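Please open the model in your viewer and keep the selection tool at hand. The stops below are meant to be taken in order, one selection after another.

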Amino acid sequence: MTTPAYQQMIFVNLPVNDLAASKKFFTELGYTINPQFSDDNAASVVISDTIVAMLLTKPFYSTFTKKEIADTATTSEVLIALSAPSREKVDELVDRALALGGSPSGDTQDLGFMYGRSFDDLDGHTWEVVWMDPSAVGS
């Protein structure tokens, strides 16, 4: 019997202006909130088994850093890229984000074997959603 490989996780910590509005945005995108790691200062948004977005009120976020919080209206702090299983799922997620108050970010990238679109969430954090044809990936 072999021991399963360790699956490393990523926790993306994001400062938000309105925690309730951000929670609503992400749950309406289809993600869930893990109440065990959520309270009045933070919400744990489960993207997948290994990806969690921690939405933190700005005062709470400030307790983790001595740096100034980026003004996402004028500064790019990070580009968060998520994979999608198909071109249609890219469009579905981005279109839903835009309908929920997100804003378009950048141009659609269509290289045939790879397709992606981006949106900014309610707080200006940029999310890229990308599909890549599995047959185009070398082994």
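Select Arg 87 first: in this predicted model Arg 87 has a relative accessibility of 27% and therefore counts as partly exposed. Keep Arg 87 selected and add Asp 110, since the two form a salt bridge in which the closest N and O atoms are 2.8 Å apart. This pair links distant parts of the chain, with Arg 87 in helix H3 (residues 87–99) and Asp 110 in strand S7, 23 residues apart. Asp 110 is also partly exposed, its relative accessible area being 45%. Now add Tyr 115 to the view, and you will find that Arg 87 lies over the face of Tyr 115, at 4.3 Å from the ring centre.

Stay with helix H3 and select Asp 91 together with Arg 117, whose side chains meet in a salt bridge of 3.0 Å from N to O. Here too distant parts of the chain are linked, Asp 91 belonging to helix H3 and Arg 117 to strand S8, 26 residues apart. Which of the terms buried and partly exposed applies to Arg 117? With a relative accessibility of 15%, Arg 117 counts as buried, because the term covers values under 20%, whereas Asp 91, at 23%, is partly exposed.

The next selection is Glu 92 and Arg 96, which meet through their side chains in a salt bridge of 3.2 Å, again N to O. They are 4 residues apart in helix H3, so about one helical turn separates them. Glu 92 is partly exposed at 39% relative accessibility, and Arg 96 is partly exposed at 27%. Add Lys 89 as well, because salt bridges link Lys 89, Glu 92 and Arg 96 in a network. A search of the whole structure finds 6 salt bridges, among them the pairs just visited.

Turn next to the aromatic side chains and select Phe 25, Phe 26, Phe 119 and Trp 127, which form one aromatic cluster. The whole structure holds 4 aromatic pairs. In one of them, the ring centres of Phe 25 and Phe 26 lie 5.1 Å apart and the planes stand at 85 degrees, so this pair is edge-to-face. Both residues count as buried, Phe 25 at 3% relative accessibility and Phe 26 at 2%.

Now select strand S5 (residues 79–83), in which Ile 80 and Leu 82 make up a covered face, while Leu 79, Ala 81 and Ser 83 make up an uncovered one. In a regular strand the side chains alternate between the two faces of the sheet. Add strand S9 to the selection, for S5 and S9 pair in the parallel sense over 5 bridges, and the bridge partner of Ser 83 in S9 is Val 130.

For a surface stop, select Leu 111, Phe 113, Met 132 and Val 137, which make a nonpolar surface patch of about 350 Å². Phe 113 sits in the loop between strand S7 (109–110) and strand S8 (114–120) and is partly exposed, with a relative accessible area of 39%. Then choose Ala 136, in the segment after strand S9 (126–132), where this residue is partly exposed at 40%.

Finally, clear the selection and look at the protein chain as a whole, which has 3 helices and 9 strands. Its C-alpha atoms fill a box of roughly 50 × 45 × 30 Å, taken along the principal axes, and buried residues make up 35% of its 139 residues.

Terms used. Residues numbered from 1 in each chain as written. Predicted model: local features only at pLDDT ≥ 70, side-chain atom pairs only at ≥ 80, totals over all residues. Heavy atoms only, no water. Helix = DSSP H or I, 4+ residues; strand = E, 2+ residues; numbered from the N terminus. Buried < 20%, exposed > 50% of the residue type's maximum accessible area, 1.4 Å probe, protein only. Patch = residues over 30% accessible without salt bridge, like charges linked within 9 Å, V, L, I, M, F, W, Y side chains within 5 Å. Areas by Shrake-Rupley, 256 points an atom, 1.4 Å probe, with all protein chains shown as cover. Salt bridge = Lys/Arg side-chain N within 4 Å of Asp/Glu carboxyl O. Phe/Tyr/Trp six-rings, centres within 6.5 Å; stacked < 30°, edge-to-face > 60°. Lys NZ or Arg CZ within 6 Å of the ring centre and 35° of its normal. Pairing = 2+ DSSP bridges.
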